[in-house]
Amino acid sequence: MKANKIVVLLFLVAMLIALVTAESAAPSNKEPELELVSSLRKGKGYHHGRGVGGAMTCDKYPRVCHVAGSQGPDCCHKKCVNVSTDRNNCGMCGKKCKYSQVCCKGKCVNPMADKHHCGVCGNKCGKGDSCVYGICSYA
């Protein structure tokens, strides 16, 4: 009876070793670059966008801008941004909107007077209406 328990125990240990070996030998579906980024974020080797082997900037690794939690899908001056909405990179890298303007769909507009983006991006005033102080048909 004792011999049967030992055989069963040895069989379970052998199965566990085979399972662990198969898992470590299986190819990964992740792209190596994204795997590196996510592993660096979890560990101590990641600090403010710089990885262990040097800077993990989007000019060298453009896919970092597509990782969840990124500021945007576009790379401008080594930073991930969204050129559709970023006031400092509106429509293209380095194109800054004026103080009173915001970036809507890659164009600098004044939401206080623009009838296609009245008050906020995408708020279009009706036909014949105008945008005054960010409100359609103010008076």
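The accessible surface of this protein chain comes to about 10500 Å², and 60% of that surface belongs to carbon and sulfur atoms. Please keep in mind that the model before you is a predicted one. Of the 139 residues in the chain, 22% are buried.

Let me turn to the overall layout. The chain holds two helices and eight strands. Reading from the N terminus, one meets the elements in the order α-α-β-β-β-β-β-β-β-β. How many of the contacts between residues at least 6 apart in sequence join residues at least 24 apart? The share is 5%.

I now come to the interior. Which residues form the largest nonpolar core? There are five of them: Met-56, Cys-58, Val-64, Cys-65 and Cys-80. Let us take Cys-58 from this group. Setting aside residues up to four places away in sequence, Cys-58 touches two other members of the core that are listed next to each other, Val-64 and Cys-65, and also Cys-80. The contacts of Cys-58 further include Cys-75, Cys-76, Lys-78 and Lys-79.

Cys-75 deserves a moment of its own. This residue is placed in strand β3. Is Cys-75 buried, partly exposed or exposed? Its relative accessible area is 30%, and a residue between 20% and 50% is called partly exposed, so Cys-75 belongs to that class. Beyond its neighbours within four places in sequence, Cys-75 is in contact with Cys-58, Asp-59, Cys-65 and Cys-93. Cys-65 lies ten residues from Cys-75 along the chain, and their C-alpha atoms are separated by 7.0 Å.

Beside Cys-65 in the sequence we find His-66, in the loop between β2, residues 54–55, and β3, residues 74–76. His-66 has a relative accessibility of 58% and therefore counts as exposed, since the cut-off for that class is over 50%. From His-66 to Cys-80 there are 14 residues along the chain, while the distance between the two C-alpha atoms is 8.8 Å.

A second histidine, His-117, offers a contrast. Where is His-117 placed? It is in the loop between β6, residues 107–109, and β7, residues 131–132. The relative accessible area of His-117 is 12%, so this residue is buried. Which residues does His-117 touch, leaving out those up to four places away in sequence? They are Cys-104, Val-109, Pro-111, Gly-122 and Asn-123.

Next, please look at Asn-82, in the loop between β4, residues 79–81, and β5, residues 102–104. With a relative accessible area of 26%, Asn-82 is partly exposed. Apart from residues up to four places away in sequence, Asn-82 touches Gln-71, Gly-72, Pro-73 and Asp-74. Gln-71 is eleven residues from Asn-82 in sequence, and the C-alpha atoms of the pair are 6.9 Å apart in space. The side chain of Asn-82 also reaches the backbone nitrogen of Ser-84, at 3.0 Å.

My last topic is the backbone angle phi. Most residues other than glycine have a negative phi. Two residues here are of interest in that light. His-77, in the loop between β3 and β4, has a positive phi, near 55°. At 62% relative accessibility, His-77 counts as exposed. Tyr-133 likewise has a positive phi, near 55°.

Where does Tyr-133 sit? Its place is in the loop between β7 and β8, the latter being residues 135–136. Is Tyr-133 buried or exposed? Its relative accessible area is 58%, so Tyr-133 is exposed. Together with Met-112 and Val-132, Tyr-133 forms a nonpolar patch on the surface. The accessible area of these residues together is about 310 Å².

To close, I would set two groups side by side. Met-56, Cys-58, Val-64, Cys-65 and Cys-80 make up the largest nonpolar core, whereas Met-112, Val-132 and Tyr-133 form a nonpolar patch on the surface. Thank you for your attention.

Technical notes:
Residues numbered from 1 in each chain as written. Predicted model: local features only at pLDDT ≥ 70, side-chain atom pairs only at ≥ 80, totals over all residues. Heavy atoms only, no water. Core = buried A, V, L, I, M, F, W, Y, C linked by side-chain atoms within 4.5 Å. Buried < 20%, exposed > 50% of the residue type's maximum accessible area, 1.4 Å probe, protein only. Contact = heavy atoms within 4.5 Å. Helix = DSSP H or I, 4+ residues; strand = E, 2+ residues; numbered from the N terminus. Patch = residues over 30% accessible without salt bridge, like charges linked within 9 Å, V, L, I, M, F, W, Y side chains within 5 Å. Areas by Shrake-Rupley, 256 points an atom, 1.4 Å probe, with all protein chains shown as cover. Salt bridge = Lys/Arg side-chain N within 4 Å of Asp/Glu carboxyl O. Polar contact = N/O pair within 3.5 Å; in protein donor to acceptor, adjacent residues only side chain to side chain.
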